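Work through the exercises below with the sequence and the 3D view open. Try each task before reading its solution.

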Amino acid sequence: MPTPSCFRPGVRVEPKFDGDYTFNTGHVKSFTILDYTIFLLSLLIPTLIGFHQAWRGNTELDDYMLARRSMSYIPVGLSLLASFLSAITTIGAPAEIYEHDTLYVWVGLSFCIVSAASAHIYMPVFYKLKINSVYEYLELRFSRKVRTVGSCLFVIQMVVYMAIVLYAPSIAFNAVTGLNLWAAIVSVGLVCTLYVTVGGVRAVIWADSFQIFVMFGSALAMLFAAMATVGTTTMWESAQRTERVLFLDFSLNPTLRHSVWNLFFGGGFSYLALYVNQAQVHRCLTCRTLREVKIALWMSFPGHFLYLALCLIIGLYMGAFYENCDPLQAKLVANANELTPLFTQDILSIVPGLPGIYLAGVFSATLSTISSGLNSISMVILEDYIRVYVKSKLKQDKERLILQIVSVIFGFVCLEITFLVSKFGGILEVKILNALDTQDIH
């Protein structure tokens with residue numbers, strides 16, 4: 001690949017930074033054996049957590065489904081946070097700042113509304129009713145048909161979303177770094193299905209607790225490497241020069257892409273609907289008391305805001321690093337969703353293993369989202385279909401087996417949908433990658 005022609009729109013310039021970077025060499029560095037080893041280790045540990053939970057004894061249905069309602073708020077809060085932060089946020093947020101400005105920070109602040117409403121309005125209702133599926137409330141409030149329709153829509157939405165969360169980061173890293181697309185998709189999908197199936201909800205919660213530290217560690221590694229390469233002063237001067245720093249815009253003009261109003265209130269109401277779906281309520285029901293449920297939900301607000309802030313700051317460093325050589329203009333990447341993987345290889349490759357840590361962080365976010373999805377789907381199938389429409393009451397060991405079979409089936413369904421999505425290509429693939437531009441919806 002020839003050395004790229006670097007320019008700002010309409011102005012030909014020289015790259016600002018000297019070194020073995022893509023805009024100087026014309027080629028992207030590949031992952032090393034050490035990077036792949038770190039990535040595989042990040043898949044091995046959740047698997048071991050799942051088998052540990054199975055080995056310590058979760059043969060009783062209540063333990064497998066709800067951890068005997070004995071979990072502390074700390075792992076539950078970390079699990080909730082991990083599942084809200086998918087790989088779409090990790091890759092998409094820095095690209096959002098690179099292409100636009102810092103106004104998106106108001107989405108993180110909107111989680112104050114979400115945490116308050118879910119902790120003090122919605123969860124007290126579900127927790128006190130002692131229901132296992134949120135859609136059971138629809139039957140209590142309306143009818144069984146409404147309950148069935150609601151749970152069916154949830155399953156469809158969750159399966160499609162899990163496929164997107166699995167496919168989008170894989171195709172982005174594949175396009176830039178040459179990461180084997182299907183090796184990544186299949187390994188992540190199978191590992192996630194395995195530990196959810198054998199370990200139940202405890203495995204999901206404890207694996208998420210591990211993965212959230214990997215996610216923050218990878219983001220911090222990227223941030224420190226960017227600070228060392230670019231420099232804080234250079235970053236800030238570039239951000240002001242390129243007008244990326246914007247925190248207040250209270251315009252009521254509906255044609256604007258973003259304003260404080262649609263990000264804070266619009267984002268808050270959008271996320272609220274997702275905070276009270278089965279995937280989140282299920283883990284809240286494992287807490288010992290309602291007070292611990294509220295603490296766990298409130299934990300997600302500062303954690304989510306901090307992680308989003310880290311991603312946004314990384315986006316500012318990315319803007320400064322590529323100020324004189326826009327990768328999109330120079331044809332180094334095909335779309336904005338590939339910017340973060342490109343920046344990963346440029347900034348982190350100077351230290352062996354660091355790209356692998358970031359890759360582990362991205363797919364840890366994917367694992368946490370898919371595991372909570374599979375676990376919640378199995379609960380919905382049991383509670384809203386098996387127990388409702390099967391006339392004879394099943395024994396607990398058979399119901400536990402049903403939960404495990406459903407987890408396996410939908411794990412493979414997720415992989416199959418991902419495979420089908422890849423075959424469409426063209427417009428549909430662009431649409432899925434554009435999910436990165438609109439950020440996380442889970």
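The exercises that follow concern a predicted model, and each task comes with a worked solution.

**Exercise 1. Place Met65: where is it found, is it buried or exposed, and which residues does it touch?**

Step 1. Met65 belongs to helix 3, which covers residues 61–66.

Step 2. The cut-off for buried is under 20% relative accessible area. Met65 has 6% relative accessibility, so it counts as buried.

Step 3. Leaving aside residues up to four places away in sequence, Met65 touches Asn132, Val201, His282, Met379, Leu382, Glu383, Arg387 and Leu403.

Step 4. Arg283 lies 218 residues from Met65 in sequence, while their C-alpha atoms are 9.6 Å apart in space.

**Exercise 2. Describe the phi values of Ala67 and Arg68, and decide whether each residue is buried, partly exposed or exposed.**

Step 1. Most residues other than glycine have a negative phi.

Step 2. Ala67 is not a glycine, yet its phi is positive, at about 55°. Arg68 has a positive phi near 60° and is also a residue other than glycine.

Step 3. Ala67 lies in the loop between helix 3 and helix 4 (73–84). Arg68 is found in the loop between helix 3 and helix 4.

Step 4. Ala67 has 0% relative accessibility and therefore counts as buried. Arg68, at 42%, counts as partly exposed.

**Exercise 3. Which residues make the nonpolar surface patch of about 790 Å², and where is Leu248 placed?**

Step 1. The patch is made by Phe247, Leu248, Phe250, Leu252, Trp261, Phe265 and Phe269.

Step 2. Leu248 sits in the loop between helix 11 (232–241) and helix 12 (260–275).

Step 3. Exposed means over 50% relative accessible area. Leu248 is at 55% relative accessibility, so it counts as exposed.

**Exercise 4. Examine Asn375 and Ser378: what are their surroundings, and which atoms link them?**

Step 1. Ser378 is found in helix 16, residues 354–389. Asn375 also has its place in helix 16.

Step 2. Asn375 counts as buried because its relative accessibility is 6%. Ser378 counts as buried because its relative accessibility is 3%.

Step 3. A polar atom of the Ser378 side chain lies 2.7 Å from the backbone oxygen of Asn375.

Step 4. With residues up to four places away in sequence left out, Asn375 touches Val196, Gly200, Val201, Val204 and His282. On the same basis, Ser378 touches Leu403, Val406 and Ser407.

Step 5. Compare sequence with space: Asn375 and His304 are 71 residues apart along the chain, and 22 Å separates their C-alpha atoms.

**Exercise 5. How many residues has the largest nonpolar core, and which residues have the most contacts inside it?**

Step 1. The largest nonpolar core has 135 residues, and those with the most contacts inside it are Phe321, Phe343 and Ile377.

Step 2. Helix 10 (residues 181–230) gives the most to this core, with 23 residues.

Step 3. Take Ile377 as an example. Not counting residues up to four places away in sequence, Ile377 touches Phe154, Val155, Met158, Val159, Met162, Val406 and Phe410.

**Exercise 6. Why is helix 15 largely enclosed by the rest of the structure?**

Step 1. Helix 15 consists of residues 339–348.

Step 2. Its buried residues are Leu339, Thr340, Pro341, Leu342, Phe343, Thr344, Gln345, Asp346, Ile347 and Leu348.

Step 3. That is 10 of the 10 residues of helix 15, so the helix is largely enclosed by the rest of the structure.

Key: Residues are numbered from 1 along each chain as its sequence is written. This is a predicted model: local features need pLDDT of at least 70, side-chain atom pairs count only at pLDDT 80 or more; totals for chains, interfaces and linings use all residues. Side-chain values use heavy atoms; hydrogens and water are left out. Helices (H or I, at least four residues) and strands (E, at least two) are DSSP runs, numbered from the N terminus. Buried means under 20% relative accessible area, exposed over 50%, partly exposed in between (1.4 Å probe, protein chains only). Contact means heavy atoms within 4.5 Å. Patches are made of residues with over 30% relative accessible area and no salt bridge: like charges are joined within 9 Å, nonpolar side chains (Val, Leu, Ile, Met, Phe, Trp, Tyr) within 5 Å. Accessible areas come from the Shrake-Rupley method with a 1.4 Å probe; for residues, only the protein chains shown count as cover. A salt bridge is a side-chain nitrogen of Lys or Arg within 4 Å of a carboxyl oxygen of Asp or Glu. A polar contact is a pair of N or O atoms within 3.5 Å; within protein, one must be able to donate a hydrogen and the other to accept it, and residues adjacent in sequence count only if both atoms are side-chain atoms. A nonpolar core is a set of buried Ala, Val, Leu, Ile, Met, Phe, Trp, Tyr and Cys residues joined through side-chain atoms within 4.5 Å.
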